[in-house]
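Q: Got a minute to walk me through this model? I'd like the folds, the packing and any odd backbone spots.

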Amino acid sequence: MTHTPTPGTLLRLATAGSVDDGKSTLVGRLLHDAHAILSDQLAAVTRSSAERGFGAAPAGSDTRDDPDAGPALDLALLTDGLRDEREQGITIDVAYRYFATDRRSFVLADCPGHVQYTRNTVTGASTADAVVLLVDVRHGVVEQTRRHLAVATLLRVEHVIVAVNKIDAVDYSEEAFRAVERDIVQVSRELRGPERTGSPGGPEPIVVPVSALHGDNVVTTSTRTPWYTPHTPGTSAYSGQALLPILEQLPDADASARRTEPLRLPVQSVIRAHGGYRGYAGQIAAGTLRVGDTVRIQPGIQLTQVTGLERTTLQEQHAAETSTAGTSATASEVAAAGESLTIRLAGDHDVARGSVLTDPQRPAVELDEVTLQVAWLHQRPAVAGSRVLFKHGTATIKALVAEVSDRLDLNTLRSGPADQLQLNDIGTVTLRLASVLPVDDYSVSKRTGAGLLIDPADGNTLAAAMIHLPDPQDADATAPDSDEDWLNS
Amino acid sequence: MTSALSAEAPTAPPAPAGTAVLARLEAEAIHIIREVVAEFDRPAMLFSGGKDSVVMLHLAIKAFAPGPVPFPVVHIDTGHNFPEVIEFRDRTVERHGLRLVIGSVKELIDAGALQERADGTRNPLQTVPLLNTIAEHRFDALFGGARRDEDRARAKERILSLRDEFGQWDPRNQRPELWNLYNGRHRPGQHVRAFPISNWTELDIWRYIALEDIALPSLYYAHEREVFHRDSMVRAVGPHSLPGEHEPVERLWVRYRTVGDMSCTGAVRSRATTNDLVLNEVASATVTERGATRADDRLSEAAMEDRKKDGYF
């Protein structure tokens, strides 16, 4: 099962791993082998490598000597951007890298592995179409691996790829790789829960044996792992392929899935111009829109018609190219998820920043109390009674933390009762809102199911929040069973 | 078997075609520009006449069409700019009916508030007039055309970047930036730098310029001009860029990949006179744009990081 990519699409990646997993080396290797490093950058790294005592031995030469090694470089220097990082040999903050192959363009969010910087992995994963997680084959699944897999599962990143690195350090042993692979699949299943397997947010991780240092299975398939073959029973559809070709083939989730969701258009601002022009500007969060559509203005029950669309020529051209149904003449009239545009509506309505235009058949749920799965990102802990701001779509409203109910234990992968959440914790809180918000379940619509908790005093971001709606079919949904795996309910 | 890494300059691969990448980048940039304008009281946009700021302004015009651009543009004028660029700046401002705010390095030097540097470059001197202009006009958000692919320190900057009362950037203490929810809350005296084209590469910029037929200063296209060689860069002969005794002048076909001060910006040898030719040239370049053309970034390995921490663009 290989997928044909749309030529020239953009894939957003996030990388994560523990300290010394060789992540910077892998990213450096990807950039170098994808020809994204230009000669002056390479010259600067060569100079710095020599100054820091690299040169004869490659970075991470705790592995083994490579008799083929030419003038070796500390590949990590290609990605470490700040002075402290270069001097201490660590990565501090999310760094964004850009590279392109003849099949696809990539934006790579390189997230540091220190436990205290896990919030950066949440940052990188929130905009990622795919996460590449590094595991050292000699250490296997460690707490950081569980944490990163939990973050990727929680944020419902479309594709999870685990690069089992330093395979050269165990003499390219299949046995060592399979043992780590089994653990990863096991942890991933426990995080997703049995009934989640195969559901939209929970595909199996793709596990690849690599040596970032020597380039095995990074850009091309290595002859030193002959046991890594296609169609091995119990492995992913991408088995036997190197990391970069897999990244080139991953289906473009952004283009396909969000189009079929019901319309959500959070209004950013009202645009007025001469001649009494009044338009509503926004980026379509989900679904499609065309002139003549009836939309609902939420919060509220008013319906109105779309009378005009102001779109850029590039967006129209792109819509015509990507459409699979109908003639391009009509396809170009359909605006879809991801597009920034301005629309005109029939009649006089109270539409302003914070309003959401929705599909009247499948509207958002209006709530003044929401249950959130949160990744807590700040030193100030989450406790009941805290006053916060809730930023959701284009609305920011006052809210009160009504309850902190549970916290995920990363060792057991079970959630247990908790009355507060600390920095880096993942858990569940209930928020009482100052006014109703039109919301969606995060698993149904990422853009309108996500929010930020903000400290009203200093403006700091406290948490990444994913809205969890009680399933109306499930009578027990309003009283979640805390013994259950917290992602199952 | 993969070969060991060598220090040879690699060749660039063919670039992906199609509108998908640019459509996604355009939509993202317009969304960011509208968010900042909606959430801040006094936004402004840095506009130097350089290609990145020209693209950013083009996106701002689209973001608010058919309405007007709801903020002024700001230029920090070193007094060492290429005359072609200043002329282009003024023409653009007039054509779009924009309000232009100028912060002058020269005025501050003349008033004794700034010292001319020994090397004569004024790019690093822009920080003080920039911060003065922000304070004087009480701007609380400033759009910049910085791209993350330009420099290693820029690669670490958020799309919305908080600056303290002294305009400083603290890279170790940045807010997490999640989904497309930009948290711009700040205290009085603080301001935010917003970078709507953070995720664009030099190649994306040129593809977009070609596709949208965006006008640029003539310097970006190959032309014949009097030049001399200094610090292994090709430098134009001009009022702020005079050759030394042992720096012979010759006429060459050149163009500029970046446009900064005459005193620190180098040209590249080129015959690319059109967008398509420039696009080909950029796609096969083996040196980064700042590496090729900016003397100020060669000051040290962390030159950009140091200037950013102090409040530079």
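What follows is a chat about the two chains, their packing and a few backbone details.

A: Sure, but keep in mind that this is a predicted model: local features need pLDDT of at least 70, side-chain atom pairs count only at pLDDT 80 or more, and totals for chains, interfaces and linings use all residues. Residues are numbered from 1 along each chain as its sequence is written, while chains are lettered from A and ligands numbered from 1 in the order in which they are written.

Q: Fine. How many helices and strands does chain A have?
A: Chain A has 11 helices and 23 strands. Those are DSSP runs numbered from the N terminus, with H or I and at least four residues for helices, and E and at least two for strands.

Q: And chain B, how many there?
A: Chain B has 9 helices and 10 strands.

Q: What share of each chain is buried?
A: In chain A, 52% of the 489 residues are buried, and in chain B it's 53% of 313. Buried here is 20 or more other C-beta atoms within 10 Å of a residue's own, exposed is 12 or fewer, and partly exposed is in between, with C-beta atoms placed from the backbone.

Q: Any record on chain B?
A: UniProt, in an unreviewed entry, lists residues 43–266 of chain B as "domain: Phosphoadenosine phosphosulphate reductase". Its positions are given in the numbering used here, feature names are shortened, and annotations may be inferred rather than shown by experiment. In the model that span is 25% helix and 19% strand, and its end C-alpha atoms lie 32 Å apart.

Q: Which residues have the most contacts inside the largest nonpolar core?
A: Leu13(A), Val131(A), Val164(A) and Met45(B), in a core of 190 residues. A nonpolar core is a set of buried Ala, Val, Leu, Ile, Met, Phe, Trp, Tyr and Cys residues joined through C-beta atoms within 7 Å. Helix H1 (residues 20–39) of chain B gives the most to this core, with 12 residues.

Q: What is Val131(A) in contact with?
A: Beyond its neighbours within four places in sequence, its partners include Ala14(A), Ala152(A) and Ile161(A). Contact means C-beta atoms, placed from the backbone, within 7 Å.

Q: Switching to helix packing: how do H2(B) and H6(B) cross?
A: Helix H2 (residues 51–64) and helix H6 (residues 202–212) of chain B cross at roughly 55°, and their axes come within 11 Å. That makes H2(B) oblique to H6(B). Under 35 degrees counts as roughly parallel, over 145 as roughly antiparallel, 65 to 115 as roughly perpendicular, and the rest as oblique. Axes are lines fitted to C-alpha atoms, for helices over the stretch in contact, and angles run from 0 to 180 degrees between N-to-C directions.

Q: What about H6(B) with H7(B)?
A: H6(B) and helix H7 (residues 275–283) of chain B pack at about 165°, axes 10 Å apart. That makes H6(B) roughly antiparallel to H7(B). Among the residues that meet there are Trp206(B) in H6(B) and Leu279(B) in H7(B).

Q: Where are the cis peptide bonds?
A: One runs from Gln298(A) to Pro299(A), with omega near 0°, and Pro299(A) lies in the loop between strand E10 (294–298) and strand E11 (303–310) of chain A. Another joins Ala65(B) and Pro66(B), and Pro66(B) lies in the loop between H2 and strand E2 (73–77) of chain B.

Q: Is Asn217(A) buried or exposed?
A: Asn217(A) is buried, because it has 28 C-beta neighbours inside 10 Å. Asn217(A) also has a positive phi of about 55° although it is not a glycine.

Key
Two residues are in contact if their C-beta atoms, placed from the backbone, lie within 7 Å.
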